[in-house]
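Q: Could you take a close look at one part of this model for me? I'd like to hear about the charged side chains and how they pair up.

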Amino acid sequence: MSTKTERPTLQEELTRRGRDVWLAGLGALATVEEEGSKAFNTLVERGKDYESKGRKQIESAISTASKQRDEAISEVEDASEGAREYIFNTVDRALDRFGVATRSELDKLEGQVGRLTQKVDALTKALKENKNIDPDA
């Protein structure tokens, strides 16, 4: 009975075990590659679904925010117009109490003065031509 045929030598045992470890590592790598690819593809699909849902939620939120903004702007414009009218009316009443002419009254008066000036100029010119007199003298 030979010990060599019955029992492997330490070198043969280490070689066999080393090869087994090597093959186990390759098997792990192959498994990770296969399962990793499957997991990666699954994650990509889930990501697409999540992105789609997220995009819809974001678009909905943007739409809601835009509507709220438009409503708020409209309310502010309405309120500012009301405040503006109130202020103008208050100022007009105060000016009226003190006897101060309003802008529209001054504009009307300016127009009347302008027309009166034109008539006076025309009348002065007519008098000069008819009597040869200088009304400014």
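A: Let's start with Glu 13: its relative accessibility is 21%, so it counts as partly exposed. Keep in mind that this is a predicted model. Glu 13 has a salt-bridge partner in Arg 17, with 2.8 Å between the closest N and O atoms. Both sit in helix H2, 4 residues apart, or about one turn of the helix. Arg 17 is partly exposed too, at a relative accessible area of 49%.

Next comes the pair Asp 20 and Arg 16, whose closest N and O atoms are 3.5 Å apart in another salt bridge. These two are also 4 residues apart in helix H2, so about one helical turn separates them. Asp 20 has a relative accessible area of 38%, partly exposed, and Arg 16 is partly exposed at 43%.

Further along there's Asp 70, which forms a salt bridge with Arg 69 at 2.9 Å between the closest N and O atoms. Asp 70 is partly exposed at 42%, and Arg 69 is partly exposed at 48%. Back with the earlier residues, Glu 13, Arg 16, Arg 17 and Asp 20 are joined into one network by salt bridges that share partners.

The structure holds 8 salt bridges. Some acids gather in a surface patch of negative charge instead: Glu 71, Glu 75, Glu 77 and Asp 78. Glu 71 belongs to helix H2, which covers residues 10-98.

As for the setting, the chain has 3 helices and 0 strands. Its radius of gyration is 50 Å, well over the 14 Å from the globule rule for 137 residues, so the chain is more spread out than a compact globule. Just 1% of the 137 residues count as buried.

Methods. Residues are numbered from 1 along each chain as its sequence is written. This is a predicted model: local features need pLDDT of at least 70, side-chain atom pairs count only at pLDDT 80 or more; totals for chains, interfaces and linings use all residues. Side-chain values use heavy atoms; hydrogens and water are left out. Patches are made of residues with over 30% relative accessible area and no salt bridge: like charges are joined within 9 Å, nonpolar side chains (Val, Leu, Ile, Met, Phe, Trp, Tyr) within 5 Å. Accessible areas come from the Shrake-Rupley method with a 1.4 Å probe; for residues, only the protein chains shown count as cover. A salt bridge is a side-chain nitrogen of Lys or Arg within 4 Å of a carboxyl oxygen of Asp or Glu. Lys and Arg count as positive and Asp and Glu as negative; His and the chain ends are not counted. The place of a charge is taken as NZ of Lys, CZ of Arg, CG of Asp or CD of Glu. The radius of gyration is taken over C-alpha atoms; the globule rule is 2.2 Å times the number of residues to the power 0.38. Buried means under 20% relative accessible area, exposed over 50%, partly exposed in between (1.4 Å probe, protein chains only).
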